[in-house]
Structure formats: structure tokens, C-alpha cells
Amino acid sequence: VAGITPDQVITAVVAVVGVPLVLLGYIILGEQVIERIPDSVQSWIRPYFWALPAVGFATIFMVYPLIRTVFISFRNNADTDWIGWANYQYFFTFPDTLTSLRNSLLWLVFYTFFAVFFGLIIAILVDRVRYETLAKIAVFLPVPISAVAASIIWKFMFDYQPPGAPQTGTLNALLSVAHHDPVAWLVNSTTNNAALIFVGIWTATGFCMVIISASLKAISSEVLEAARIDGANEFQIVRLVVTPLLWPTITVVGTTMIINALKTFDIVYVMTNGAYNTDVIATQMFFQLQHNHNGRAAAVGVVLFLAIVPLLVVNIRRFQQQEEQR
Amino acid sequence: MSAEQVTTRQATGAAAAVTWLDNLGYRLQRLPLHIVIIIFCAVWVVPTIGMILNSFRALPDMQAAGWWTTLFPPHGFTFASYQQVLAIEGVAPSIGYSVLITIPATVIQLAIATMGAYAFAWMKFPGRNLFFIVIVGLMVVPIQMTLIPVLQIFKFMHINGTIPAVWLAHSGYGLPFEVFLLRNYLGGLPREIFESAEVDGAGHAVRFLRIAVPMTLPAIASLVIFVFLGIWNDLLVALTFLGVSPFRPFTVVITGLVTSFGGGWQFLTAAAVLQMSLPLAVFIFLQRYFVRGVTAGSVKG
């Protein structure tokens, strides 16, 4: 292909073949050495030898940067002097960044709620029809699609032409059939955040549905049968029997959705580029970074991280509980 | 025909009518159920179909009427958008760069993760639990929190803006989740197999390469798909580390075109269709592995 040099292809091939080979050599040669040292030292040193590449990578690319970012957030943009809380003060007082904070909260609440709610509803409904698999594939279809492609898909749905011109956007065409004026969904500040959040929901619902559906199938039919014999109608069964049994799964999926909501970047960046007051924390951070405002960008990153810390603790707790059950 | 026979026949006739009515009533009762499901399916499928249809239309057609007009003749399908998009400088190579980024990054991180997961699953060492809890925590850390220092590391190493730098970044970000998942899978393998191999004198290298890796292949296969598509679809990492380099991958180039075209951006549908055709093909042909990978990722965030 034009534009790609043979060098680049060769480097990639070398990496694909070479990295596993190097690791193989590391394991075989390393074990040769380790097996020759006294048993007591051997059992002490071996695990670290095996864990080193993974732990090393995680340290260089995650643990160290995490700590360093906290430092940078207290320094000026040129990284020459300590400036105390100034970067945070900026974040919590400047109107643009406050808007991004507000929008992230909107994402957090509405994206999380509706993605999980629609996922639950669809999982329960399709369980009762014969074309379940087909319906699930339909709802799952946006999951493999990138946010970039999904954004272009929905740019067409939200497309706006001035009144009088042919409405080529699907939603405005529907409105014109109903003799309603077209709406500039992505520009109008009363609709644009809702529109973006809906695109997010659209890409995430299939994921929630698949996970909830899997644990729905695990509920024994005897429980449901017993409820029916006791005279419960379908709505009561869903509300009083199925939903409580699904609750642990719903909280896991909900946690994941909250984290996704806070990290939201692609959809906003592609669809509006953060314009018309649609900025979120993650896009705000990226724009600061683009303007070489490293200190401010770091402070935004730290705020984002702090918002996620409670969920991180929840995840670790859950992991520890699972470990005790092993 | 006796009177008795006649009454029986009438009775069965009435019963049949009742069951038929019952059946109809049942079906009518279920009608709202079907309607709700069909509405959901339509909202989740129609936008994608609309865009795919649009990608095969000429630009003036797209501006004159919506995609639904192609459902009736004359369809007016054309490959003009595809030709136009691929003719833009940098678009065709960017597909190649996406491949050159995605494949090595996937291989590198999974090779390292498998080895690390083995240590966490089958070796006891002081600090193992603590290390692992850190890894569980790292799974949800937003990568925004790491971008600036990692950029500085790349600048220090003089590899900023190169494809190998992006392999390293993706590998670092992907590792915690992969180690977590593979360690759980490896830890679930039967202990007896490893113990009897040890009794037979097999060292850790042999146990890892001859037992652990082959038995973990199903999990690795699901992970390969999940990781591969994650990198193929990635925007943020590529934008940060390759945003201004000549090696921008497909997602970054498409995004740049979307934000720089005011009007007449519609032909970019062709690029979006090309970009998503690979994930959709993987989803359709490797559905089981794909869904398994996604479900396993439920804790990742």
C-alpha cells in the first residue's frame, strides 16, 4: 500500500515473531539459570522472574505515570515550579471546565441508568419470544462498531437542514412528516447533550443485555413456576422475583457503565468536538493537553481518577469476596 | 346419527372455537410484547443500515433526499463515495497503519500477559496478593491519568510519534485486564495435572509451555479478538501518541476528516463502513468467541 515503507512492515513482522521468541528465550534461559541455584533461593526468586515482564510494563505505563500525574497537577504548565492548588482552582471555577463537569454528571446519571435499564428490559422481553437470538443480535450489533463509526452513523440520524430544505436526517424527516420544524439536535443546547448521551446508550445497551441475559438464564424455572402457581402475574414476577435475583449482575454492569460514562471521550470528540457546551471531563483534559497546558490537563485527569476511586474500591472488594469463595 | 352423537360433536366444535378464541386472546395479549421488541430492534439496527445504504449513494443524492429513498427504484447505487474517500491523501495508508499498529500490539501484550498470569496463578510468593490487588485496581484507572507522563517517557526515549511507541502504550494499558482474566482461567485448571508433571520432573518452563499455554488457548482466543478490536477501534491512544505524526491510523484520519469538513462530509460514510466492516465481520463469523470476550470484559470498564 502506498505510503507504508517496507521498513515499517519489517519492524511489525519482527515484533510479532520476535517478542514471543524473546520471551521464550527469557523463560528457557532464565529457568536454566534458576534451576542451578540453591533450592531455598530458587523458590524465592523464581516468581519475581516470571512476573517481572508483566509487572514491569504495568509499573512503567500505569503505576509510575499515575503518581507522576498527581505531581504534575501541582506544577505550572512548563513543569518548572510548584503552584499549589492553582490548576484545581482553575478547574472548579472556569465556566468551560464547569460545563464539562456538569455534562459528565449528566452522562453518569442518564447513560448509566438507560443503558442498564434498556439492557434489562430487552433481556427480559426477548426471553419470552421465539426469535430471541435474532433480536439479541440486532441490539448487540452496535457493540463491535467503533465509537468513530457510530458517531458518523448518528450524525446522519441527527442531520439538520434549514426549514424548507429537504430533511435528509432521519429524525428531522420524521418531524417534517409530523409538520414540525426541524431541530438542530447537535447544536441546540437543550437537545445536544441528550443526543450524544443517547448515542452512548445505543452503543452500550447490547453489552448490558448480553450480561444480564446470561444471568437471567441461570434463574431456575422452578422459582418462576412457583411464583406463577401462587398467582403472580408477569409484571409482578419481573418486579418481585426476577429483578431482585438479577440485582448482583445489575450492580456489576452498572459499575462498568459508570466508569464508561466518566471516561466518555470518542463520541463527544467526533460528533461535536466538545462545541456548543457538550464538553465532558475526558475531552476537556484532551484539549488542555493539546494546548500544552500539562498542569491543568493533569489536574483534570486527577479529578477523573478521584471520581473513579470509589468504584475501584468496590471492584477490589468484590474481587476479594470472589477469592474467598474459590 | 343418534342424539347423543350430535351433542358430542357440537360440544367439540364449541371447545375448538373456545381454544381458538383463547389462542387469539393470548396472541393479542402478547402483541404489545412483540411491538416493543420490534421497536427496540428497529432503533438499534436501522441507523446502521441507513448509513451503509448512504455510503453507496452519490453526494448530490444524499443532499437531496434521505437514505430511505434508495429502498425504491431508481436506487442509484454507486461506489463514488468509496473512490472519493480512498483518493484523499493519507486515507488508504491509514488503513495499513491501523493493521501495523493492531497486530503487533495484540501479540506483544498477550505474550507478556500469559507469562505473568502463570506466575500469579501457580506460584506462591510474598506480596502476591498485594500485587494482584493493584492489578485489579489498575483495570479501571482511566488512561487519561497516564497520558502526560507516558508522552514524556516516549519523548525521553526519542520514540514519540512512532508506531512501536503505540504498541508499548497499548500493551501497558491492556495488561492489567489480561493478566487478571488469564490468571483466573489458569488458576481454574486442575491442580493434579501440574502436580503430576512436577513429579515427573517437568520444570516450570515445561509446565508453562506444554500444559498451561495449550490449555489456555480458548481463553487466549477470545482475548485476541477482544484486544484486537479494542485497538482497531481505539481513538484516544492513537490521537494522543500519533495525532500529529504521519502514521495516523484509520480512526484518527476519519475523525480528522469529520471535524474538518463543514458541509459535504456525507461521503465519509464510506470510510466509516470500511472501518467497521472488520469488527462486524469478526462479530458475525466468530460470534461465540466475540461474545465470550465481551462478557469476560464486564469488569473492565
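Guide: Let's start with a term: a disulfide is a pair of cysteine sulfur atoms within 2.5 Å. Keep in mind that we're looking at a predicted model.

Visitor: Okay, so how many disulfides turn up over all chains?

Guide: First the general idea: a disulfide is a covalent bond between the sulfur atoms of two cysteines. Here, a search of the whole structure comes up with zero. Take Cys208(A): the nearest cysteine sulfur belongs to Cys41(B), and that's 16 Å away. Turn it around and Cys41(B) has the sulfur of Cys208(A) as its nearest, again 16 Å away. Neither Cys208(A) nor Cys41(B) is in a disulfide.

Visitor: Is Cys208(A) buried or exposed?

Guide: The cut-off for buried is under 20% relative accessible area. Cys208(A) sits at 0%, so this residue counts as buried. Cys41(B) has 15% relative accessibility, so buried is the label there too.

Visitor: Let's switch to cavities. How many of 30 Å³ or more are there?

Guide: A cavity is a space where a 1.4 Å probe fits but cannot get out. In this model, the count is three. Let's look at the second largest, which holds about 50 Å³ of space.

Visitor: Which elements give two or more residues to its lining?

Guide: Those are α4, α7 and α9 of chain B. Helix α4(B) provides the largest share, with three residues. Among the lining residues are Ser98(B), His170(B), Trp232(B) and Asp234(B).

Visitor: And what classes of residue make up that lining?

Guide: Six are nonpolar, four are polar and one is charged.

Terms used. Residues numbered from 1 in each chain as written. Chains lettered and ligands numbered in written order. Predicted model: local features only at pLDDT ≥ 70, side-chain atom pairs only at ≥ 80, totals over all residues. Heavy atoms only, no water. 1 Å grid on protein atoms, 1.4 Å probe; cavity = no way out; pocket = protein on both sides within 12 Å on 5 of 7 lines; lining within 4 Å. Points joined across faces, edges and corners; volume = space filled by probe spheres on them. Helix = DSSP H or I, 4+ residues; strand = E, 2+ residues; numbered from the N terminus. Nonpolar A, V, L, I, M, F, W, Y, C, P; charged D, E, K, R; others polar. Buried < 20%, exposed > 50% of the residue type's maximum accessible area, 1.4 Å probe, protein only.
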